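Reader: I'd love to go through this one with you, step by step. Could you show me the sequence and the structure before we start?

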2 protein chains.
Amino acid sequence: MSDPDINHQVVLARRPQGEPVLSDFWAAHSPRPTIRDGELLLRTIYVSIDPAMRGWLAETQGYVETVAVGAVMRSFGLGEVVASRHPDYQVGDLLVAVTGWQEWSAVDPAGVLHRVARSDVALSASLGVLGITGLTAYVGIVDIGRARAGETVLVSSAAGSVGSAAGQIARAQGARTIGMTGSEEKRRLCLDTFGFDACINYREVDDLTEALKELCPDGIDVYLDSVGGATLDAVLPVLAQNGRIAICGTISEPSGAASPGPRPNRQILVKRLTMQGFLATDYLARLPEISDLLTTMIQDGKLMHLEEITEGLHAAPQALEQLLAGKNQGKSIVRVGPETT
Amino acid sequence: MSDPDINHQVVLARRPQGEPVLSDFWAAHSPRPTIRDGELLLRTIYVSIDPAMRGWLAETQGYVETVAVGAVMRSFGLGEVVASRHPDYQVGDLLVAVTGWQEWSAVDPAGVLHRVARSDVALSASLGVLGITGLTAYVGIVDIGRARAGETVLVSSAAGSVGSAAGQIARAQGARTIGMTGSEEKRRLCLDTFGFDACINYREVDDLTEALKELCPDGIDVYLDSVGGATLDAVLPVLAQNGRIAICGTISEPSGAASPGPRPNRQILVKRLTMQGFLATDYLARLPEISDLLTTMIQDGKLMHLEEITEGLHAAPQALEQLLAGKNQGKSIVRVGPETT
């Protein structure tokens, strides 16, 4: 165990130029924080490494404030309450909160995303398939996408943590599921582990639109889109009438000014499409219910999920670099401390 | 009266190059059609001149089949049933149907849009504010836009037939209404006749985005968009969180391949926007109910509408040219025959 009075942290050393890299971060430490009335002291167990971090680090304002140079890197984390000055939280509670890349955090309840109940599913799942990741997949497919039995559902980054859950949730709704991914290894994973009905390695096809038309002769009813850009351009012509595009990410596009491309609005009109953006954090109130449902799916063997757990807070920047390079397999999580002390 | 055995028509002489012009059409005639079992013979009273005709005439496939060179120009029309071989329709019934630009048409009930009841509102309104035009405005503002009291609603082509109705319907919902239009005369019309809270002459502003931001400091909650293109690009940054864009037209864009512009999907994500295309003809089942509601609004003086009625079928191509040049004022209708015989 490290010294409990020292709070090891990873801070942003400089504004990333393009993709964030290792050298954009440095290790720092500060005294273990004290808490004020209404706050909780959390001991970080795991932190989550997410594609959204790219946006949080970009100069341009996205949904949340940009992480300042010199500040602790923002992240979701799973922590244990070790001290509480708020009546709703007790020592020993497990919470997913905005902990940042650090060992200890003083958290206001507004920064708490959800409580975690211990079950026979690993605790780390609360940062993935039983947390924001699963919530994103479920809301995208069921609430925004309104996928119905017999429909065709397309999922981008299909081997990723959101995509793989989305495919299996769509399948559970009775839909035919098509994945898109960027390597043969991930394509096999989609077919063999995540049960997609078909999967395209987009690096292997000459014309993505034509490849999708061949696979989806009646068109795509729902597209869960985490990438945007040229992929979205290529998918749009294959959408069926009254199709829904649920946008949960734009990872292929720069974070700054809108990227140039063909305007989608004429296709949206002619085919009566709905293109809707959503953030899972707007749906946190539904997480307990959805998490229960997904837990049952896991226990029934209907929802496979992969995790890639990296050891040690100091390795978080590297885990992020790997994630953004598409080199991870499954939900990327960094172990910061032991599950129990 | 013209010879009832001759069916005067206007046919497409050649495929328009760019905007349709007078010389793309010619006058023709044929014998008055006979009807088969299940069909109705309609005497055309009015035909409607619509922006959508631009798309119907374009080479590229839109929602409906392209009008063939040599064929009667497609249009909606109000007609009186003069012979019926269908049990649901009686001689004397007034119907809005796909009549085409001709004096007589043999119509299958599938081509009937709605029945018209005589009221104290002029019959021609059934092709405008009490027909597809009003239905488009209502569905756009209420169903797709979900405009609520206290919200800010922006309407393109605000002095036009759909736009002016949309503004007044939004106002009746308790929303603040902002119009965009292309001349000072139309701007005055929006403010003085159609009761918009504010109106922008987009030709007079240097930076439409900035002008909208000034008018809408809390952002735009609903945008009813009939123009697309650079106007939509300029409006997007002013949309409020959870804003809705109801797309009923793309008149500023070419009918063929998608026009290039900034991709909207990142803004759609970050602001959780919904961009949805709709066609009023998908909502015809609700027209009787909505038409009754709009009739009451007209009778209560809460829904002003302008019509520009051109005399004579031969003048239809010119009316279309005027409409597409933005030179008409109010719903453009051509009188083909008398209201009663």
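Reader: Thanks! Which residue in strand 14 of chain B is the bridge partner of A:M275?

Author: Happy to help, and please keep in mind that this is a predicted model. Strand 14 of chain A and strand 14 of chain B, residues 274–277, pair in the antiparallel sense over 3 bridges. Within that pairing, the bridge partner of A:M275 is B:M275.

Reader: What is the area buried between chain A and chain B?

Author: The size of an interface is often given as the accessible area lost when the parts come together. Here 35 residues of chain A are in contact with 35 residues of chain B. Carbon and sulfur atoms give 53% of the buried area, and the total between the two chains is about 3200 Å².

Reader: Which three residues supply more of the area that chain A buries against chain B than any other three?

Author: The chains bury about 3200 Å² between them. Of the area that chain A buries against chain B, 26% comes from just one trio, more than any other three residues supply: A:R263, A:R266 and A:L269.

Reader: With which residue does A:R263 form a salt bridge?

Author: Side chains of opposite charge can pair when their charged atoms come close. Between chain A and chain B the count is 4 salt bridges. In the one formed by A:R263, the closest N and O atoms are 2.6 Å apart, and the partner is B:D233.

Reader: Which element gives the largest share of the side of chain A that touches chain B?

Author: Across this interface, 17 residue pairs are in polar contact. The elements of chain A that give two or more residues to this side are helix 6 (229–235), strand 13 (260–262), helix 7 (265–270) and strand 14 (274–277). The largest share, 5 residues, comes from helix 7 of chain A.

Reader: Turning to chain B, how many residues apart in sequence are the parts that B:E80 and B:R43 tie together?

Author: These two residues form a salt bridge, with the closest N and O atoms 2.8 Å apart. B:E80 lies in strand 4 and B:R43 in strand 3 of chain B, so the pair ties together parts that are 37 residues apart.

Reader: Is B:R43 buried or exposed?

Author: The cut-off for buried is under 20% relative accessible area. B:E80, its salt-bridge partner, counts as buried at 14%. B:R43 has 5% relative accessibility, so B:R43 counts as buried.

Key. Residues are numbered from 1 along each chain as its sequence is written. Chains are lettered from A and ligands numbered from 1 in the order in which they are written. This is a predicted model: local features need pLDDT of at least 70, side-chain atom pairs count only at pLDDT 80 or more; totals for chains, interfaces and linings use all residues. Side-chain values use heavy atoms; hydrogens and water are left out. Contact means heavy atoms within 4.5 Å. Buried area is the accessible area (1.4 Å probe) that two parts lose on being put together, summed over both. A salt bridge is a side-chain nitrogen of Lys or Arg within 4 Å of a carboxyl oxygen of Asp or Glu. A polar contact is a pair of N or O atoms within 3.5 Å; within protein, one must be able to donate a hydrogen and the other to accept it, and residues adjacent in sequence count only if both atoms are side-chain atoms. Helices (H or I, at least four residues) and strands (E, at least two) are DSSP runs, numbered from the N terminus. Two strands pair if DSSP finds at least two bridges between them. Buried means under 20% relative accessible area, exposed over 50%, partly exposed in between (1.4 Å probe, protein chains only).
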